[in-house]
Each structure stands twice: as structure tokens, then as C-alpha cells.
Amino acid sequence: MSGYRRKLIEVALPLDAINAAASREKSLRHGHPSTLHLWWARRPLAAARAVLWASLVDDPSCDPSLSEAEQDRERQRLFAILERLVLWENSNNPDVLAEARAEIERCFPEGAPSVLDPFAGGGSIPLEAQRLGLEALSGDLNPVAVLIQKAMLEIPPRFAGRAPVHPHPNSELKVYERAQGLATDVEAYGQWMHEQAQRRIGHLYPDVDGPTGKKLTPVAWIWARTVRSPDPSWGEHVPLIKSWVLSRKPKQPPTWVEPRIDHEARRIDYAIRTDGKPPAPTVVRGQGRCLGTGAAIPVEYVRSEGRACRLKAQLLAVVALGEPRGKVFVAASPEQVSAAEVDHSGWRPESRLPDNSQAFGPPLYGMQEWWMLFTSRQLVALTCFSDLLSEVWEQARTDALRAGFTADGVRLRGGGVGRSGVCGCGSDLSRLRRGQVRRPLFNHLHLGYHRESP
């Protein structure tokens with residue numbers, strides 16, 4: 001057979017099976033790469049796997065020795081392989097993967113072509129190329145995407161088949177296949193960090209009282225930036241809100257924040273509503289209004305107040321885990337407000353923000369350094385996590401030495417798989433805290449809600 005051979009994807013595909021498998025991935029929460037880091041426009045793994053495989057396997061119509069009926073039967077056989085291949089349960093099924101790889105080898109006896117994805121984003125295409133035994137080359141202009149790809153594609157294969165270094169892994173496995181040993185270590189050290197963070201700063205994040213009075217675990221806090229009203233008849237801070245709606249679900253009324261204004265005391269309290277109509281926003285196209293009197297709040301006034309360091313933040317609501325898996329929105333109680341008012345006089349990221357007002361707005365509001373984007377409690381939490389990363393690095397380094405990893409001096413970024421490779425980030429963390437590395441922490445300024453996560 002000579003010349004170009006049409007591929008299966010050019011003729012026909014079992015689209016219903018592929019679509020069903022891709023749709024099901026949206027509800028997966030265990031073991032799926034999407035739980036590593038949220039990434040917009042993430043390509044479904046099932047679709048990426050199907051497209052790659054069908055782009056390499058010949059369609060039976062390119063074999064002139066087959067009759068039309070025989071081509072149909074052969075095509076149905078390939079469809080059956082593809083329908084098994086796209087199932088989530090078969091993602092690491094060695095028999096199914098071997099069957100799929102055999103078809104690729106049949107069509108490319110001298111070796112399949114490499115897969116190049118220069119803008120791989122969340123890494124779905126190169127990941128599935130690796131799963132099919134193909135050489136995959138990927139990259140991206142976004143450093144977050146590159147980090148996701150390294151963590152998912154580049155690092156795990158280096159430790160394939162290795163046992164964990166943690167002395168007491170929470171696992172019953174005796175034989176570690178693929179990167180199961182590395183995954184066990186990540187779970188064990190991550191659990192240690194979680195327990196330490198809970199012990200050190202857990203008191204800053206108290207449980208909330210749910211609608212039934214039951215204590216619920218908070219997962220996020222909804223903040224609004226505030227500015228002192230330019231109307232002297234009010235004179236107190238008012239919120240800058242683009243929308244009062246917290247959640248919208250199909251065929252259900254929205255959940256929203258209701259501001260309750262006490263004009264005599266010049267005070268605003270907040271409640272959670274699921275009925276009625278949300279009020280109008282207090283910021284439209286950058287121009288604000290005083291919630292107490294309706295007076296205009298020009299954007300230049302907000303910026304001047306920000307440059308004078310007079311902007312504040314108001315806790316509006318707390319998002320908690322309900323039962324069985326839903327989210328519950330609870331109004332911020334005095335206990336929650338008090339817990340967030342902590343003093344932070346320690347280390348903070350003091351490097352300057354980008355001076356580009358067209359692409360980055362916070363400096364226009366007086367926020368010249370990275371630490372100014374965070375609340376005091378967030379700075380305390382970020383400092384705690386940074387401390388824990390340095391401590392867990394030392395612990396993993398010691399455990400790796402005990403487990404027999406050689407101290408070869410080659411860092412992970414240099415291809416190392418010894419003790420220095422396993423613990424390649426520790427010295428950078430120490431240098432960061434000493435101010436020798438300027439690695440800013442990133443967040444966004446919103447004129448509206450600001451989400452804080454523990």
C-alpha cells in the first residue's frame with residue numbers, strides 16, 4: 001500500500017460513546033487531572049484520547065483488498081476498541097491500552113509520529129499521547145500551564161515503580177506501579193501539612209452555624225471592598241458591589257446578599273436571601289454610588305482614597321459545606337468578622353506590582369506592593385503555608401536519605417531523581433523567605449466580591 005492512507009477520524013467515529021465519556025468527566029473528583037489545578041477550557045481526556053487514536057489508525061476503506069461489507073465489519077471492530085478506550089475506568093487498564101497501542105503499531109510499523117502541542121494548557125493532549133505510548137512534546141506561554149504540565153507529564157514518570165520515601169505512608173500497597181509511590185508520598189506529606197496548618201491557624205477559621213443550627217465547615221469567605229462615602233450626611237464606609245448575587249442554578253431562584261440599611265445608626269448589615277429580587281449594584285462601569293444615600297462615588301474618588309490607604313474590606317458571607325455535598329451560604333456573624341481581624345506583623349511579599357495600568361489595575365488604587373492585595377488573615381495563612389513548605393522539604397529530604405535515595409546533587413529541574421531531585425524546591429523556598437528571590441504571590445483586585453479560601 002502506498003500513498004496517503006485515510007485515517008479513521010476522517011471517515012467515521014462513535015461520537016455518542018465519546019461524548020458520553022467526555023461528559024461524565026465533568027463529575028469526576030478523584031484521580032482526575034482537573035483536581036490538580038483548575039484550568040479554563042480544559043479538554044476532556046476521553047475526547048483527546050479518541051482524537052489522537054483515531055488520527056493514527058487507518059480507516060478500513062484504505063485497504064482495497066476488503067469488500068465494502070468487510071470494511072464495515074472492520075470499522076465496527078475499531079469502534080469497539082475506541083469505545084472501550086474512552087471509558088474512564090479503562091484509563092489505566094493495561095489490556096485495553098495494549099490493544100489500542102497494537103493498532104497504532106500496525107499502522108506505523110516503523111514508529112508512530114511524535115505529538116506536538118505548543119499551547120497545551122492543562123495538558124490533556126500530551127497526557128493522552130503518553131498514555132497511548134507516543135512521544136509527546138508540549139509547552140505553553142502561561143507559566144501556570146507549564147507548571148501543571150511538568151507536575152502531570154514530566155515528573156511522575158521519573159519515579160515510576162519507586163516505593164514512597166515517607167516512613168509511614170497511608171497505603172496498603174506492597175508493590176508500587178507507575179507513580180503510585182510518588183502519589184502516596186504526596187498524600188502523606190500533604191496530610192501532615194494539613195494537620196499542622198489546622199493546629200497553627202485553625203482557630204482563625206471557626207465553623208459556621210448552618211440554617212438548621214448545625215456546625216458547618218467553611219470553605220470560602222465573600223468580601224467586598226469599601227470606601228468612605230463622599231456624602232457627609234452618611235460619612236461611613238459603604239461597599240463597592242458589582243452584583244449581590246452569590247449563586248445561580250438552573251430552574252432555581254438565585255442566592256443573594258441583602259444589605260439592610262440602618263439610616264439612623266448609619267450602619268449596614270447583611271443577610272442571605274433566596275427569594276425576591278436582588279438590589280441594584282453599587283458599581284456600574286467603574287462609577288459607584290453610596291448605598292446609604294444614593295450619592296455618586298466617582299472612580300477617581302475611589303482611587304484617591306485607595307492611594308491614601310483608606311480603602312477597607314467588609315465580610316459579607318461565608319460559604320460552607322452542606323450535606324451531602326452542596327454549598328451553603330451563611331451571613332457573616334460577629335464571630336466570623338472577629339476571627340478575620342488578625343494582626344499580621346511578620347513577613348509579607350513586599351515586591352512591587354507591575355506598573356502597567358492598562359493590564360493591571362491595583363496600582364491605580366494605591367496598591368503598589370503584592371501584600372496589599374490580601375487581608376491580614378490571608379497573609380497569616382500564606383506565611384504559615386510557606387513555613388510548612390520549608391519544613392516538609394526538610395522532612396522529605398531526611399526521609400529520602402533514609403530510604404536510600406542518593407545525594408547526587410542534581411535538581412529536579414535538571415532531570416534528577418535522587419535526593420536532590422525529590423527535594424528540589426527547598427532551597428528556593430528558604431531564599432524566598434530571606435528576600436533573595438522575588439517571587440510574587442498573585443491575586444486580583446475586584447470592585448466587588450473577593451473570595452478568601454483557607
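**Exercise 1. Classify Ala69: buried, partly exposed or exposed?**

Step 1. Locate the residue. Ala69 belongs to helix α3, residues 68-85. Helices are DSSP runs of H or I with at least four residues, strands are runs of E with at least two, and both are numbered from the N terminus.

Step 2. Apply the cut-offs. Buried means under 20% relative accessible area, exposed means over 50%, and partly exposed lies in between (1.4 Å probe, protein chains only).

Step 3. Decide. Ala69 has 41% relative accessibility, so Ala69 is partly exposed.

Step 4. Add a distance. Ala47 is 22 residues from Ala69 along the chain, and their C-alpha atoms are 28 Å apart.

A note on the model: it is predicted, so local features need pLDDT of at least 70 and side-chain atom pairs need pLDDT 80 or more, while totals for chains, interfaces and linings use all residues. Residues are numbered from 1 along each chain as its sequence is written, and side-chain values use heavy atoms, without hydrogens and water.

**Exercise 2. Describe the surroundings of Thr184.**

Step 1. Place it. Thr184 sits in helix α7, residues 180-201.

Step 2. Check the cover. Thr184 has a relative accessible area of 7%, so Thr184 counts as buried.

Step 3. List the contacts (heavy atoms within 4.5 Å). Beyond its neighbours within four places in sequence, Thr184 touches Pro164, Pro169, Ser171 and Tyr176.

Step 4. Look at the side chain. The Thr184 side chain comes to 2.8 Å from the backbone oxygen of Gln180.

**Exercise 3. Which residues of α5 are buried, and what covers them?**

Step 1. Count. Helix α5 spans residues 124-131, and 6 of its 8 residues are buried.

Step 2. Name them. They are Ser124, Pro126, Leu127, Glu128, Ala129 and Arg131.

Step 3. Find the cover. It includes helices α2 (45-56), α4 (94-107) and α6 (143-154), along with strands β1 (115-117) and β2 (136-138).

Step 4. Look past the helix. Gly133 follows α5 and has a positive phi, near 80°.

**Exercise 4. Trace the pairing of β10, β11 and β12.**

Step 1. Recall the principle. Strands of a sheet pair through backbone hydrogen bonds, either parallel or antiparallel. Here, two strands count as paired if DSSP finds at least two bridges between them.

Step 2. Order the strands. The open sheet has 3 strands, runs β10-β11-β12 and is antiparallel. Its edges are β10 (283-284) and β12 (296-297), each paired on one side only.

Step 3. Zoom in. Between β10 and β11 (residues 287-289) there are 2 bridges. Val283 faces Gly288 of β11.

**Exercise 5. What are the bridge partners of Trp223 and Val318?**

Step 1. Start with β5. Strand β5 (residues 218-228) pairs antiparallel with β13 (residues 312-321) over 8 bridges. Trp223 is matched with Leu315 in β13.

Step 2. Move to β14. Strand β14 (residues 327-331) is joined to β13 by 5 bridges, also antiparallel. Val318 is matched with Val330 in β14.

**Exercise 6. Summarise the whole chain.**

Step 1. Secondary structure: 12 helices and 15 strands.

Step 2. Extent: the C-alpha trace spans about 90 × 55 × 50 Å along its principal axes.

Step 3. Burial: 42% of the 454 residues are buried.

Step 4. Contacts: among those with a separation of 6 or more, 61% link residues 24 or more positions apart.

Conventions. Polar contact = N/O pair within 3.5 Å; in protein donor to acceptor, adjacent residues only side chain to side chain.
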